[in-house]
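The following paragraphs lead through one protein chain, from a buried ionic pair outward to the surface. Please keep the sequence and the coordinates in view while reading.

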Amino acid sequence: MPKFLPIAALLGNAFLWGLSWWPFRTMQGAGLHPLWATALMYSLASTALWLLRPAALAQVLRAPGLWLLALCAGMTNAAFNWAVSEGDVVRVVLLFYLMPAWAVLLAWRFLGERPSPAALLRLLLAFGGVLLVLWPAQGGLQQLARALHLTDALALLGGFMFAATNVQLRHLQQVSAAPRMLAMFLGCLGAGLLGALAGSSVGLVPPWPAFAWGWMGIAALLALALMAGNWALQYGAARLPTSTTALVMLSEVLFASLSSVLLAGAALAPRTLAGGALIVLAALLAARRE
């Protein structure tokens, strides 16, 4: 049982994020754009955590490293939530899980970890999988450029910033959990709010809607779920090897794929399945190496 609990916690977190597209789309259907929803949910989560751990805010304010963590985590969540609310769920999640490839490049640049031949092979597998996922059924490079969507760019940005978040967390291992969590929550609040305000100014994001108990109730429940998911992630990751954590978190791809097929009637094209297999293989090889 003690060995099972950390794995169950990670599975719960992966299940939460694999199904997060559903409540975000429900809120969007009720008039609340995912960027406004992100700002609202993380304002609730930040307030709750601050009330539980008042000293954490002072630690965040005097630690520049936590500011950078807030920026990375905020951009990760804002980009992913927007992409998964409007784009093809499986495609978005697969592009987001290019994260192991970005981690190799970021560790090379910021941690001085030169990639081994095996790491370069994982990069080729991952980027080859991305090309298969994005490549249109008929056409070449010109058709590929036309087929790209805003949600594709958001998914890639979210995965890149998630890798940057993990690199930053490695720099902040000596910081306790509460300040790290609060920094991440405040970053998500700020990124969602600034993104929504900027998008509204150019007509890309609808303005803040009239209050409705429907989307407010979903936002409050999802905020509680995200807090529980963050705790589950930290609980599981602190008690399991990094390789095991990475393998278990890949179950998010399975949860997202199955839920999109069952709840939204999505169809998985052979090219998407082949590209996804390469991306997941690259992630599995990275986990096996660690």
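R91 has a relative accessible area of 17%, and because burial is assigned under 20%, this arginine counts as buried. The model is predicted, and the values given here are computed from it. R91 forms a salt bridge with D152, in which the closest N and O atoms are 2.8 Å apart. The two partners belong to distant parts of the chain: R91 sits in helix α6 (residues 89–96) and D152 in helix α10 (residues 150–171), 61 residues apart. D152 has a relative accessibility of 3%, so this residue also counts as buried. The salt-bridge count for the model comes to one.

The surrounding architecture is helical. The chain has 15 helices and zero strands. Of its 290 residues, 47% count as buried. Among contacts between residues at least 6 apart in sequence, 85% join residues at least 24 apart. The accessible surface of the chain comes to about 14100 Å², and 72% of this area belongs to carbon and sulfur atoms.

The interior can be approached through its nonpolar residues. In soluble globular proteins, nonpolar side chains tend to be buried together. In this model the largest nonpolar core has 81 residues, and those with the most contacts inside it are M27, M41 and Y97. Helix α5 (residues 64–86) provides the largest share of this core, eleven residues. Leaving aside residues up to four places away in sequence, M27 touches L32, A37, M41, W215, I218, A219 and L222.

Helix α11 (residues 177–201) offers a further view of how separate segments meet. G192 is found in helix α11. Its relative accessible area is 0%, and G192 is therefore buried. Although G192 and L35 are 157 residues apart in sequence, their C-alpha atoms are 4.7 Å apart in space. Beyond residues up to four places away in sequence, G192 touches L35, T38, A39 and A78.

What do the aromatic rings add to this picture? The count comes to nine aromatic pairs. The rings of Y42 and F185 have their centres 5.7 Å apart and their planes at 45°, and the pair is therefore tilted. This pair links distant parts of the chain, since Y42 lies in helix α3 (residues 34–52) and F185 in helix α11, 143 residues apart. Y42 counts as buried because its relative accessibility is 4%. F185 has 2% relative accessibility and so counts as buried as well.

F211 and W213 give another geometry: their ring centres are 5.0 Å apart and their planes stand at 85°, so the pair is edge-to-face. W213 has a relative accessibility of 70% and therefore counts as exposed. Both residues belong to one aromatic cluster, formed by W36, W208, F211, W213 and W215. W215, a member of this cluster, is also among the residues that M27 touches.

Towards the end of the chain, helix α15 (residues 270–289) contains L285. L285 has a relative accessible area of 31%, so this leucine is partly exposed. L285 and A118 are 167 residues apart in sequence, while their C-alpha atoms are separated by 8.7 Å. Residues up to four places away in sequence not being counted, L285 touches R122 and L125. A119, in helix α8 (residues 117–134), has a relative accessibility of 4% and so counts as buried. The C-alpha atoms of A119 and A282 are separated by 9.0 Å, with their positions 163 residues apart along the chain.

The account ends at the surface. W22, L254, L258, V261, L262, L263, L268 and L273 form a nonpolar patch there, with about 770 Å² of accessible area together. Helix α14 (residues 251–264) provides the largest share of the patch, five residues. W22 comes from helix α2 (residues 21–29). With a relative accessible area of 46%, W22 is partly exposed, because this value falls between the 20% limit for buried residues and the 50% limit for exposed ones.

Definitions and conventions: Residues are numbered from 1 along each chain as its sequence is written. This is a predicted model: local features need pLDDT of at least 70, side-chain atom pairs count only at pLDDT 80 or more; totals for chains, interfaces and linings use all residues. Side-chain values use heavy atoms; hydrogens and water are left out. Helices (H or I, at least four residues) and strands (E, at least two) are DSSP runs, numbered from the N terminus. Buried means under 20% relative accessible area, exposed over 50%, partly exposed in between (1.4 Å probe, protein chains only). Contact means heavy atoms within 4.5 Å. Accessible areas come from the Shrake-Rupley method with a 1.4 Å probe; for residues, only the protein chains shown count as cover. A nonpolar core is a set of buried Ala, Val, Leu, Ile, Met, Phe, Trp, Tyr and Cys residues joined through side-chain atoms within 4.5 Å. Patches are made of residues with over 30% relative accessible area and no salt bridge: like charges are joined within 9 Å, nonpolar side chains (Val, Leu, Ile, Met, Phe, Trp, Tyr) within 5 Å. A salt bridge is a side-chain nitrogen of Lys or Arg within 4 Å of a carboxyl oxygen of Asp or Glu. Rings of Phe, Tyr and Trp (its six-membered ring) pair if their centres lie within 6.5 Å; planes under 30 degrees apart count as stacked, over 60 as edge-to-face and the rest as tilted.
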